[in-house]
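Ready for some practice with a protein model? Work through the exercises below, trying each task before you read its solution.

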Amino acid sequence: MITAFIFFIHLIFSLFIFTKKWQDENLATAFQNITLIWILFAVGWTITGMIAKVFMEPKGLGMQFDRDTFALTLLTIAEYFFYKFYYDEKPTANDKGK
């Protein structure tokens with residue numbers, strides 16, 4: 001259940017970024033951002049899976065929080081901070097009057 005929730009969060013985030021980039025910039029940029037998110041998710045899950053393998057047994061902390069769920073949780077936390085930095089909108093010179 002936790003794993004499904006994490007995948008759902010990633011799906012909603014991907015749709016949000018796709019729509020935002022499509023409206024703000026263009027369709028090509030939206031697809032590039034989705035590709036970036038998918039690649040970072042795949043590579044990140046592999047890396048956090050290796051880290052989780054060092055610290056946990058396959059059964060993990062219980063039936064709902066196994067090693068894969070732990071790896072996905074680590075990935076989601078790391079992605080949160082990365083995307084917060086990457087997609088942070090900095091005010092421009094035109095936005096000062098708003």
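Before you start, you need one cut-off: a residue is called buried when its relative accessible area is under 20%, and exposed when that value is over 50%. Keep in mind that the model is predicted.

**Exercise 1. Is Ile37 buried or exposed? Work that out, then look at what surrounds it.**

Step 1: Find the residue. Ile37 sits in helix H2.

Step 2: Apply the cut-off. Ile37 has a relative accessibility of 2%, so it counts as buried.

Step 3: List the contacts. If you skip neighbours within four places in sequence, Ile37 is in contact with Phe13, Ser14, Ile17, Tyr83 and Tyr87.

Step 4: Check one of these partners along the chain and in space. Ser14 and Ile37 are 23 residues apart along the chain, and their C-alpha atoms are separated by 7.1 Å.

**Exercise 2. Describe the place of Asn33 and say which backbone oxygen its side chain reaches.**

Step 1: Locate it. Asn33 belongs to helix H2, which covers residues 27-55.

Step 2: Use the cut-off again. With a relative accessible area of 7%, Asn33 is buried.

Step 3: Follow the side chain. It gets to the backbone oxygen of Thr29, at 2.7 Å.

Step 4: Look further along the chain. Not counting residues up to four places away in sequence, Asn33 touches Ile17, Lys21, Tyr86 and Tyr87.

**Exercise 3. At what angle do H1 and H2 pack? Decide what to call that arrangement.**

Step 1: Recall what you need. Two packed helices are described by the angle between their axes and the distance between the axes.

Step 2: Read off both values. Helix H1 (residues 2-24) and H2 pack at about 155°, and their axes are 7 Å apart.

Step 3: Name the arrangement. Angles over 145 degrees count as roughly antiparallel, and that makes H1 roughly antiparallel to H2.

Step 4: Add the handedness. H1 and H2 have a right-handed crossing.

Step 5: See who takes part. From H1 the contact includes Phe7, His10 and Phe13, and from H2 it includes Asn33, Ile37 and Trp45. Sorted by class, the residues of this contact are 13 nonpolar, four polar and one charged.

**Exercise 4. Now do the same for H2 and H3: what is the angle, and how far apart are the axes?**

Step 1: Get the numbers. H2 and helix H3 (residues 67-86) pack at an angle of about 135°, and their axes are 8 Å apart.

Step 2: Choose the word. That angle makes H2 oblique to H3.

Step 3: Note the handedness. The crossing of H2 and H3 is right-handed.

Step 4: Look at the residues that meet. Among them are Asn33, Ile37 and Trp45 in H2, and Arg67, Phe82 and Tyr86 in H3. The contact of H2 with H3 divides into 15 nonpolar, four polar and four charged residues.

**Exercise 5. One pair is left to try: how do H1 and H3 cross?**

Step 1: Start with the axes. Those of H1 and H3 come within 9 Å and cross at roughly 25°.

Step 2: Turn the angle into a word. Angles under 35 degrees count as roughly parallel, and so H1 is roughly parallel to H3.

Step 3: Give the handedness. H1 passes H3 in a left-handed crossing.

Step 4: Pick out the players. Ile2, Phe7 and His10 are among those H1 brings, while Thr69, Glu79 and Tyr83 are among those of H3. By class, this contact has six nonpolar, five polar and one charged residues.

**Exercise 6. Where are Glu57 and Pro58 found? Compare sequence separation with distance in space.**

Step 1: Place them. Glu57 is in the loop between H2 and H3, and so is Pro58.

Step 2: Classify Glu57. Its relative accessibility is 55%, so Glu57 counts as exposed.

Step 3: Look across. Glu57 and Arg67 are ten residues apart along the chain, with 6.8 Å between their C-alpha atoms. Pro58 and Asp68 are ten residues apart in sequence too, and their C-alpha atoms are 8.1 Å apart.

Step 4: Finish with contacts. Leaving out residues up to four places away in sequence, Pro58 touches Asp66 and Arg67.

Methods
Residues numbered from 1 in each chain as written. Predicted model: local features only at pLDDT ≥ 70, side-chain atom pairs only at ≥ 80, totals over all residues. Heavy atoms only, no water. Helix = DSSP H or I, 4+ residues; strand = E, 2+ residues; numbered from the N terminus. Buried < 20%, exposed > 50% of the residue type's maximum accessible area, 1.4 Å probe, protein only. Polar contact = N/O pair within 3.5 Å; in protein donor to acceptor, adjacent residues only side chain to side chain. Contact = heavy atoms within 4.5 Å. Axes fitted to C-alpha atoms, helices over the stretch in contact; angles between N-to-C directions. Parallel < 35°, antiparallel > 145°, perpendicular 65-115°, else oblique. Left-handed = near helix turned anticlockwise from the far one by under 90°. Nonpolar A, V, L, I, M, F, W, Y, C, P; charged D, E, K, R; others polar.
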